[in-house]
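Trainee: I have a protein–ligand model open and would like to go through it. Can we start with the ligand site?
Mentor: Fine, put it up.

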Amino acid sequence: MEAGKSSGIRTAASPVQSLTHLHADIECYYTQKVLAHGATPLGVDWTCRPTQELRFVQLLKLCDFRQPFSLNDVGCGYGALLAFLARRHRGAQVDYLGTDLSQAMIDRAKLSWRPSIRSRFVVTGGIPRVADYSVASGIFNVKLEQPAARWTVFIKQMLAAMHATSRLGFAVNFLAPMGPSMQNIPELYRTSPEIWVRYCKRQFNTKVELASDYGMSEFTLLVRR
Ligand SMILES: C[S@@+](CC[C@H](N)C(=O)[O-])C[C@H]1O[C@@H](n2cnc3c(N)ncnc32)[C@H](O)[C@@H]1O
């Protein structure tokens with residue numbers, strides 16, 4: 001019997017077991033969202049398409065669109081980035097792989113498949129191939145009831161995986177610290193850019209560009225080899 005599963009009580013677990021539960025909790029949260037709201041921004045817990053796409057604009061600053069490239073979209077949801085690429089970068093030659101923990105997300109993503117772009121979707125919490133670039137939008141925001149220390153382990157694990165599977169670089173976004181007029185929502189993970197800029201520079205020995213002036217209480221890290 002799996003520890004803590006039948007009783008609903010989470011007993012002390014190794015870091016690996018902890019992340020298994022963490023993945024299951026994330027998967028459950030986002031599956032419920034997409035079942036309730038379908039393939040829409042609300043279905044991946046965003047408020048609207050303009051801000052969802054503003055995040056894509058920041059993350060895609062990483063990519064050189066003058067030449068063909070491969071791209072891993074980690075936590076792809078229902079594949080909104082693929083639709084965005086097809087619309088906003090029509091001529092781009094992108095070999096795209098979207099991954100998500102949620103089968104329900106991937107089922108919807110497959111419906112928005114764009115034949116103009118080489119694309120594939122896989123249900124996984126890992127990154128199953130090396131690509132030129134990897135991006136992840138929104139995967140670090142909702143920590144649910146995970147302790148901050150375990151969430152930090154998750155972030156570090158994902159950053160390491162993205163670095164290891166990206167030939168040219170990767171990009172991720174985070175929620176910035178709360179402003180004075182904002183409501184405290186304990187389930188959200190907010191952080192200062194300096195912590196993760198410093199971490200990526202030291203850990204991966206890379207250049208890190210910070211984008212934070214796009215009018216949202218968020219920031220994006222562009223990590224280039
Ligand atoms: C906020 S949603 C954003 C979806 C999409 N990136 C977008 O912007 O439309 C985050 C998604 O990441 C997925 N996710 C979170 N952590 C993940 C991981 N480690 N591996 C794969 N998917 C993950 C969730 O299931 C969810 O669908």
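Trainee: Which element gives the largest share of the shell around the ligand?
Mentor: Helix 1, with three residues. Keep in mind that this is a predicted model.

Trainee: And which residues come nearest to the ligand?
Mentor: Tyr-30, Gly-75, Gly-77, Ser-137 and Gly-138, out of 21 residues around the ligand.

Trainee: Which elements give two or more residues to that shell?
Mentor: Helix 1, residues 15-37, and strand 2.

Trainee: How does the shell split by class?
Mentor: Ten residues are nonpolar, eight are polar and three are charged.

Trainee: Different topic: helix 3. Which of its residues are buried?
Mentor: Helix 3 covers residues 80-88, and its buried residues are Ala-80, Leu-81, Leu-82 and Leu-85.

Trainee: What covers them?
Mentor: The cover includes helix 2 (49-59) and three strands: strand 1 (69-74), strand 2 (94-100) and strand 3 (118-123). Strand 2 also gives residues to the ligand shell.

Trainee: Now the whole chain. How many helices and strands?
Mentor: Six helices and seven strands. From the N terminus the order is α-α-β-α-β-α-β-β-α-β-α-β-β.

Trainee: Why call it as compact as a globular protein of that length?
Mentor: Because its radius of gyration is 17 Å, close to the 17 Å that the globule rule gives for 225 residues.

Trainee: How much of the chain counts as buried?
Mentor: 33% of the 225 residues.

Trainee: And what share of the contacts joins residues 24 or more positions apart?
Mentor: 68% of the contacts with a separation of 6 or more.

Technical notes:
Residues numbered from 1 in each chain as written. Predicted model: local features only at pLDDT ≥ 70, side-chain atom pairs only at ≥ 80, totals over all residues. Buried ≥ 20, exposed ≤ 12 C-beta atoms within 10 Å, placed from the backbone. Helix = DSSP H or I, 4+ residues; strand = E, 2+ residues; numbered from the N terminus. Contact = placed C-beta atoms within 7 Å. Near = placed C-beta within 6 Å. Nonpolar A, V, L, I, M, F, W, Y, C, P; charged D, E, K, R; others polar. Rg over C-alpha atoms; globule rule 2.2 N^0.38 Å.
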